[in-house]
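Reader: I have a chain on my screen and some labels that I would like to understand. Could you walk me through the reasoning behind them?

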Amino acid sequence: MTEEVSFTIDTPLGSRATSVTYRRRGTGEPLLLLHGIGHHLQVWDPVFDLLAADRDVIAIDLPGFGTSPGLPDGVSYSLSTVVPVLGALCEALGIQRPHVAGNSLGGLLALEMGREKLVRSVTALSPAGFWTPAERRYAFTVLQTMRHVAKVLPLPAVERMSRTTVGRTALTSMIYARPDRRSPEAVVAETGALRTAPGFEQTLAAGRNVLFTQDVPGVPVTLAWGSNDRLLPRRQGVRAKLAVPGARLVRLPGCGHVPMNDDPALVTRVILDGSRTIGDVAPRSAIQLV
């Protein structure tokens, strides 16, 4: 079950109210989960309960995605705006410097939160921002095509396609390496989320000049890349490691761009390992480094 939290943010037009949809469960140190562009918090469902066994887990719909409303009129979707919004969200939820794990856009936001010292650890799964210009154009073209397909396909057609492996592959193979493992209901829901996201175009436009080149000092960082990532190829992980030299770079064998559904157990171990406090024993033998 999801809830909604409302809070105030500072904008160039003054203080404005906004709200975010979230799901929270578990006990332990807080862990904030951030999805990618066009997705929604339910993308974390395969790992949510596994993580909640050890963490106070908060999965959110980013502003303008899922059931969270868009940012107030006149407020941009740039990193310099959205990261402070996430800081204000944490304050509204009563969590100080949570651990954060993010995928794609969410991974980029997680790294920026780490750079701003808003979190105590970062786990970034195939984060955006480490592309060449050609790789960025390719990724944006794929995302725009997926958005177009989601908008023009009638819902009954999406429902029919989701009931077959071939149909689920056609709809989701760019982000999942194992689309047959995604349930029909989940495919229909995430296609609908991509279709209706009011923040999609503005977020994509804000990312056209984004390149993550600065280190994240003083915060433990884990970078994880699916070996079968078709949207942001795993070679970008090497660039990410060069930009954040203190980070741990992890390979996710057999996983695509959104790895949580491809291998929930492995992704859970990576996130829990990356969010352990000093003195905890991390099961690094379970993690395959690049």
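Author: Happy to! Keep in mind that this is a predicted model. To begin with burial, 57% of the 290 residues in the chain are buried.

Reader: What makes a residue count as buried rather than exposed?

Author: The cut-off is a relative accessible area under 20% for buried, while exposed needs over 50%. Take C255: its relative accessibility is 0%, so C255 counts as buried. C90 has 5%, and therefore C90 is buried by that rule.

Reader: Since we are on cysteines, how many disulfides are there, and how do you know?

Author: The count is zero. A disulfide calls for a pair of cysteine sulfur atoms within 2.5 Å, and by this rule the chain has zero disulfides.

Reader: Why does the radius of gyration of the chain agree with a compact globule?

Author: For 290 residues, a compact globule would have a radius of gyration near 19 Å; the chain has 18 Å, so the two agree. As for the outline, the C-alpha atoms fill a box of roughly 50 × 50 × 40 Å along the principal axes.

Reader: What share of the contacts joins residues far apart in sequence, at least 24 places?

Author: Among contacts between residues at least 6 apart in sequence, that share is 69%. The chain that makes these contacts has 10 helices and eight strands.

Reader: Let me pick a residue from a strand. Why is H99 called buried?

Author: H99 lies in strand β5, which covers residues 99-103. With a relative accessible area of 2%, H99 falls under the 20% cut-off, so it is buried.

Reader: Which residues are in contact with H99, leaving aside neighbours within four places in sequence?

Author: They include E29, P30, L31 and L32, along with R55, R120, S121 and S275.

Reader: What makes S104 and S126 worth a look?

Author: Their backbone angles. S104 is not a glycine, yet its phi is positive, about 60°. S126 is not a glycine either, and has a positive phi of about 45°.

Reader: Where do these two serines sit, and are they buried or exposed?

Author: S104 is in the loop between β5 and α3, and its 9% relative accessibility is why S104 counts as buried. S126 belongs to the loop between β6 and α4; at 2% relative accessibility, S126 is therefore buried.

Reader: And how many charged side chains does the chain carry?

Author: There are 31 positive and 25 negative side chains, and the centres of the two sets lie 7 Å apart.

Key
Residues are numbered from 1 along each chain as its sequence is written. This is a predicted model: local features need pLDDT of at least 70, side-chain atom pairs count only at pLDDT 80 or more; totals for chains, interfaces and linings use all residues. Side-chain values use heavy atoms; hydrogens and water are left out. Helices (H or I, at least four residues) and strands (E, at least two) are DSSP runs, numbered from the N terminus. The radius of gyration is taken over C-alpha atoms; the globule rule is 2.2 Å times the number of residues to the power 0.38. Buried means under 20% relative accessible area, exposed over 50%, partly exposed in between (1.4 Å probe, protein chains only). Contact means heavy atoms within 4.5 Å. Lys and Arg count as positive and Asp and Glu as negative; His and the chain ends are not counted. The place of a charge is taken as NZ of Lys, CZ of Arg, CG of Asp or CD of Glu.
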